[in-house]
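Welcome, and please open your viewer. Let us take a walk together, one selection at a time.

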2 protein chains.
Amino acid sequence: MTKPLFVGLDVGGTNIKAGVVNDSGKPLAHVSLPTEPHLGQEVGLERMDDTIREALVAAGVKLRDIAAIGVATPGTMDIPAGIILDPPNLKPWRNVPVRDHIHKTFKVPTAFQNDANAAALGEFWAGAGKDAHSMVLFTLGTGVGGGIIIGDLVLEGEHSHGAELGHMKIEMTNPRQCGCGRWGCLEAYGSATAVVKRATEALAQNAAKSRLQTHLEVRGRITARDVFDAAKEGDQLADKIVEETAYYLAVGAMNMMHTIDPDMVVFAGGMIAAGKPLLDRIRRFVKELAFPVPAKKTKICYAQLGGDAGFIGAAACGRQLFLRKTKKI
Amino acid sequence: MTKPLFVGLDVGGTNIKAGVVNDSGKPLAHVSLPTEPHLGQEVGLERMDDTIREALVAAGVKLRDIAAIGVATPGTMDIPAGIILDPPNLKPWRNVPVRDHIHKTFKVPTAFQNDANAAALGEFWAGAGKDAHSMVLFTLGTGVGGGIIIGDLVLEGEHSHGAELGHMKIEMTNPRQCGCGRWGCLEAYGSATAVVKRATEALAQNAAKSRLQTHLEVRGRITARDVFDAAKEGDQLADKIVEETAYYLAVGAMNMMHTIDPDMVVFAGGMIAAGKPLLDRIRRFVKELAFPVPAKKTKICYAQLGGDAGFIGAAACGRQLFLRKTKKI
């Protein structure tokens with residue numbers, strides 16, 4: 001018997017990616033089409049179909065070779081119902097029955113999952129968490145997202161709000177406001193957006209002391225990357241921002257180590273381009289902050305699958321569905 | 001066939017409790033003996049045996065009627081190994097192989113669990129969480145402990161540090177020191193000890209304004225109960241302490257709602273004697289703090305089993321072991 005193949009579909013605000021993935025988590029091929037959510041959700045659903053069809057062609061396989069499809073989308077959502085409810089990054093979509101649509105089009109068992117949960121399952125299956133039994137993943141980008149995997153369980157939560165790791169509160173006295181409107185969320189401290197904001201504030205107070213000031217004057221803005229680069233080059237103001245960022249992320253990691261207590265905490269997303277200097281600092285703060293046993297034993301790592309984690313993880317969701325249907329797990 | 005019976009053993013710093021529990025989580029009888037940890041761990045292990053034997057007698061059942069035994073102890077511990085490592089409340093015990101000892105004595109399948117995890121499973125099985133699919137429980141006493149149940153899974157963690165809910169960090173700028181030596185832990189804000197400490201500090205600044213000052217002068221100390229009672233009687237200083245306590249506990253609840261996203265958050269332990277006024281305030285703050293869907297749907301409740309949760313939960317751990325061995329789950 002040939003090994004089953006899976007399709008993973010990763011719906012983002014800008015692009016829809018689809019990939020054909022084998023039973024070991026290795027992609028045979030993947031493709032990407034623009035999402036263009038402003039064209040409406042009917043067009044969006046057709047675009048998903050097209051992306052899957054193109055991925056099959058790119059991989060040189062037929063639909064009958066596919067054992068299951070997994071679809072990952074941003075929220076808000078009802079995961080068990082397979083519906084995107086009111087997604088901030090896919091406006092004006094509302095109440096889109098994604099899973100049923102894909103299932104109807106392709107007549108293949110179809111799983112549905114939150115994109116950060118799917119990315120976590122992807123890393124767990126075929127990336128940084130390959131050898132772990134449990135894993136907490138933080139995605140660091142515009143916001144801070146997350147996924148929690150325990151055994152073969154994706155912690156979806158009872159109301160599809162599991163692993164909203166950016167929205168644990170870590171500050172009460174002097175809380176920063178988060179993009180979500182709340183105060184003191186981890187995201188308001190540890191996201192790329194927060195890095196830029198904190199650096200910009202620090203510049204306003206210390207203009208003469210940082211090369212970031214030049215970036216700001218020349219380009220009118222700075223990026224998180226500028227901050228991490230300047231820190232590597234020895235810029236003191238940038239260095240302080242990076243140090244604080246590492247501390248905030250270590251607080252997030254520790255809070256998960258004292259509640260979930262996973263084998264591994266993984267950081268993913270655009271911000272890990274900051275590289276080893278950031279990771280080393282996070283690790284140092286975790287060792288200082290956490291209880292001795294988890295501090296010593298929990299692996300703190302970067303993700304390995306980059307932008308492919310989403311569709312690989314979506315395929316992993318499809319694979320779990322297939323294995324459950326065939327009683328293999 | 002008669003329904004199986006289970007023994008639950010709850011080892012505390014002061015007393016060892018054992019109960020015989022039926023397959024619905026109802027205790028037939030329970031007994032209690034002093035722990036006297038200072039007499040050493042050999043005496044302690046014999047005391048555990050004696051407590052179990054007395055419970056069997058009190059329930060009028062024979063050892064052959066018992067399908068499994070569950071033992072719950074405070075930490076630190078290695079749960080899979082069944083060993084208490086270096087328990088602060090059971091000094092001078094060290095590396096005590098509790099599970100193997102009980103198993104050797106009674107020759108009955110024996111489960112081992114952290115006491116807060118067991119209490120959570122007890123409430124989940126036969127108390128506040130009876131109808132829930134998942135539950136996070138906070139125990140409010142000298143410290144803040146916790147247990148997380150998802151489906152039939154007790155979230156032990158990979159290093160036996162799961163659900164150490166008192167040690168999530170909720171404050172960075174101006175953190176209080178926790179009993180564990182760390183800074184900004186929930187326990188340093190929401191435990192009974194923290195209530196007393198914060199009230200005493202407030203009194204030092206506002207002596208004339210509170211009836212708690214009289215308690216302090218007459219008895220040399222105040223208790224958390226004094227604070228909650230004074231608040232009920234309209235004392236403003238006490239009322240402010242209770243309000244803040246509710247807020248801190250709501251932050252803890254919200255952080256779990258945004259990560260675990262359970263059906264239910266349950267508060268247990270001595271401090272819930274504070275009654276409905278505290279619970280109502282926690283509920284109000286949770287509604288203000290959390291995302292709309294979990295804020296609306298997550299039940300926030302008090303525990304129902306009181307001091308019996310430990311041995312009932314320990315029996316539930318024994319029962320899970322029995323059901324797994326007999327392939328019923």
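Before the first stop, one term: a polar contact is a pair of N or O atoms within 3.5 Å; within protein, one atom must be able to donate a hydrogen and the other to accept it, and residues adjacent in sequence count only if both atoms are side-chain atoms. Helices (H or I, at least four residues) and strands (E, at least two) are DSSP runs, numbered from the N terminus. This is a predicted model, in which local features need pLDDT of at least 70, side-chain atom pairs count only at pLDDT 80 or more, and totals for chains, interfaces and linings use all residues. Residues are numbered from 1 along each chain as its sequence is written, chains are lettered from A and ligands numbered from 1 in the order in which they are written, and side-chain values use heavy atoms, with hydrogens and water left out.

**Stop 1: a helix in chain B**

Select residues 115-126 of chain B, which form helix α3. At its start, a side-chain oxygen of Asn114(B) comes to within 2.8 Å of the backbone nitrogen of Ala116(B). The helix has twelve residues and reaches 16 Å from its first C-alpha to its last, close to the 16 Å expected at 1.5 Å a residue (the expected span is 1.5 Å times one less than the number of residues). How many of the twelve residues of α3(B) are buried? Eleven are, so the helix is mostly covered; buried means under 20% relative accessible area, exposed over 50%, and partly exposed in between, with a 1.4 Å probe and protein chains only. Among the buried ones are Leu121(B), Phe124(B) and Trp125(B).

**Stop 2: another helix of chain B**

Now select α5(B), residues 192-206. This helix has 15 residues and reaches 21 Å between its first and last C-alpha, close to the 21 Å expected. Its buried residues include Val195(B), Arg198(B) and Leu203(B). What do the buried residues of α5(B) pack against? They pack against α4 (187-190), α6 (212-219), α7 (224-232) and α8 (236-257) of chain B, where contact means heavy atoms within 4.5 Å. Also in α5(B) is Glu201(B), which is partly exposed at 34% relative accessibility. The side chain of Glu201(B) makes a polar contact of 2.8 Å with the side chain of Arg176(B).

**Stop 3: charged pairs in chain A**

A salt bridge is a side-chain nitrogen of Lys or Arg within 4 Å of a carboxyl oxygen of Asp or Glu. By this rule there are 36 over all chains. Start with Glu244(A) and Lys240(A), whose closest N and O atoms are 2.9 Å apart in a salt bridge. Both lie in helix α8 (residues 236-257) of chain A, four residues apart, about one turn of the helix. Glu244(A) is partly exposed at 22%, and Lys240(A) is exposed at 52%.

Next, add Arg281(A) and Glu243(A), a salt bridge with its closest N and O atoms 3.1 Å apart. Arg281(A) lies in helix α9 (residues 276-289) and Glu243(A) in α8 of chain A, so the pair ties together parts that are 38 residues apart in sequence. Arg281(A) is buried at 17%, while Glu243(A) is partly exposed at 25%.

Glu243(A) also forms a salt bridge with Arg284(A), at 3.1 Å. That pair links α8 and α9 of chain A across 41 residues. Show Asp239(A) as well: Asp239(A), Glu243(A), Arg281(A) and Arg284(A) are linked in a network of salt bridges.

**Stop 4: backbone details**

Move to the peptide bond from Lys91(A) to Pro92(A), which is cis with omega near 5 degrees. Pro92(A) sits in the loop between β6 (83-84) and α2 (98-106) of chain A. In chain B, a cis peptide bond joins Gly75(B) and Thr76(B), with omega about 5 degrees. Thr76(B) is in the loop between β4 (66-73) and β5 (77-78).

Then pick Ala163(A), a residue other than glycine with a positive phi, near 60 degrees. Is Ala163(A) buried or exposed? Ala163(A) is buried, at 1% relative accessibility.

**Stop 5: cysteines**

Taking a disulfide as a pair of cysteine sulfur atoms within 2.5 Å, a search of the whole structure finds zero over all chains. Select Cys178(A): the nearest cysteine sulfur, that of Cys180(A), is 3.7 Å away.

**Last stop: both chains**

Zoom out. A rotation of 180 degrees with 0.0 Å of shift along its axis superposes chain A on chain B, with an RMSD of 0.0 Å (least squares on the C-alpha atoms of residues with pLDDT of at least 70 in both). The two copies are thus related as by a two-fold rotation axis.
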